Amino acid sequence: MTKARWRNRIKRACKAAGTYQPFFDNVIDTLAGIMEMRDDAQEKFLESGGNTIVEYTNKAGNTNIVKNPALVVVMDCNAQALAYWNAMGLTAKSYKQMTGSLSAQDESQTLEEALAELGI
């Protein structure tokens, strides 16, 4: 998905969760870039056969078994993105910290819908 589409989806999710603030726009833009990079790496990972371990031949001609570099990028992007999701109250724990509760049915349904839309 493109950065612009991610930006729109994240902003809608924040608004649906009631955590959106205009000063989040720079953070949302950064997160959208991370998510676009993750999507690109995930596509390359799947196109390469989806193997978690691959053979790599170094300059000396030695072949080693390494973690698939595309998978490493996907995992790194996911870890970075999680920090941003937390900062914007888009995980259950961070949402509870920001709003004080997950018990209100309408609030939790809105958050669940927002997270489902993001594919989380």
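This report describes the salt bridges between two helices of a predicted model and the surroundings of one loop residue.

**Salt bridges between H1 and H2**

Side chains of opposite charge can pair when their charged atoms come close. In this predicted model, the count of salt bridges comes to 4. Three of them are described here, among them the pair of Lys3 and Asp29.

Lys3 and Asp29 form a salt bridge in which the closest N and O atoms are 3.5 Å apart. This pair links distant parts of the chain: Lys3 belongs to helix H1 (residues 3-17) and Asp29 to helix H2 (residues 25-47), with their positions 26 residues apart in the numbering. Asp29 also meets the side chain of Arg7 in a salt bridge, with an N to O distance of 2.9 Å. Because Asp29 lies in helix H2 and Arg7 in helix H1, this pair ties together parts that are 22 residues apart in sequence.

A further salt bridge joins Asp25 and Lys11, whose closest N and O atoms are 3.8 Å apart. Asp25 is in helix H2 and Lys11 is in helix H1, so the pair ties together parts that are 14 residues apart in sequence. Through shared partners, salt bridges join Lys3, Arg7 and Asp29 into one network.

The table lists the relative accessible area of the residues in these pairs.

| Residue | Relative accessible area | Class |
|---|---|---|
| Lys3 | 28% | partly exposed |
| Arg7 | 30% | partly exposed |
| Lys11 | 26% | partly exposed |
| Asp25 | 33% | partly exposed |
| Asp29 | 27% | partly exposed |

The cut-offs explain this class: a residue is partly exposed when its relative accessible area is neither under 20% nor over 50%. Asp25, for example, has a value of 33% and is therefore partly exposed.

**Thr19 in the loop**

Thr19 is found in the loop between H1 and H2. With a relative accessible area of 4%, Thr19 is buried, because buried means a value under 20%.

The side chain of Thr19 reaches the backbone oxygen of Met88 at a distance of 2.8 Å. Met88 also appears among the residues in contact with Thr19 when neighbours within four places in sequence are left aside. The other residues in that set are Cys14, Phe24, Gly89, Leu90, Tyr95 and Met98.

**Summary**

Salt bridges pair Lys3 with Asp29, Arg7 with Asp29 and Lys11 with Asp25. In the loop between H1 and H2, Thr19 is buried and its side chain reaches the backbone oxygen of Met88.

Conventions:
Residues are numbered from 1 along each chain as its sequence is written. This is a predicted model: local features need pLDDT of at least 70, side-chain atom pairs count only at pLDDT 80 or more; totals for chains, interfaces and linings use all residues. Side-chain values use heavy atoms; hydrogens and water are left out. Helices (H or I, at least four residues) and strands (E, at least two) are DSSP runs, numbered from the N terminus. Buried means under 20% relative accessible area, exposed over 50%, partly exposed in between (1.4 Å probe, protein chains only). A polar contact is a pair of N or O atoms within 3.5 Å; within protein, one must be able to donate a hydrogen and the other to accept it, and residues adjacent in sequence count only if both atoms are side-chain atoms. Contact means heavy atoms within 4.5 Å.
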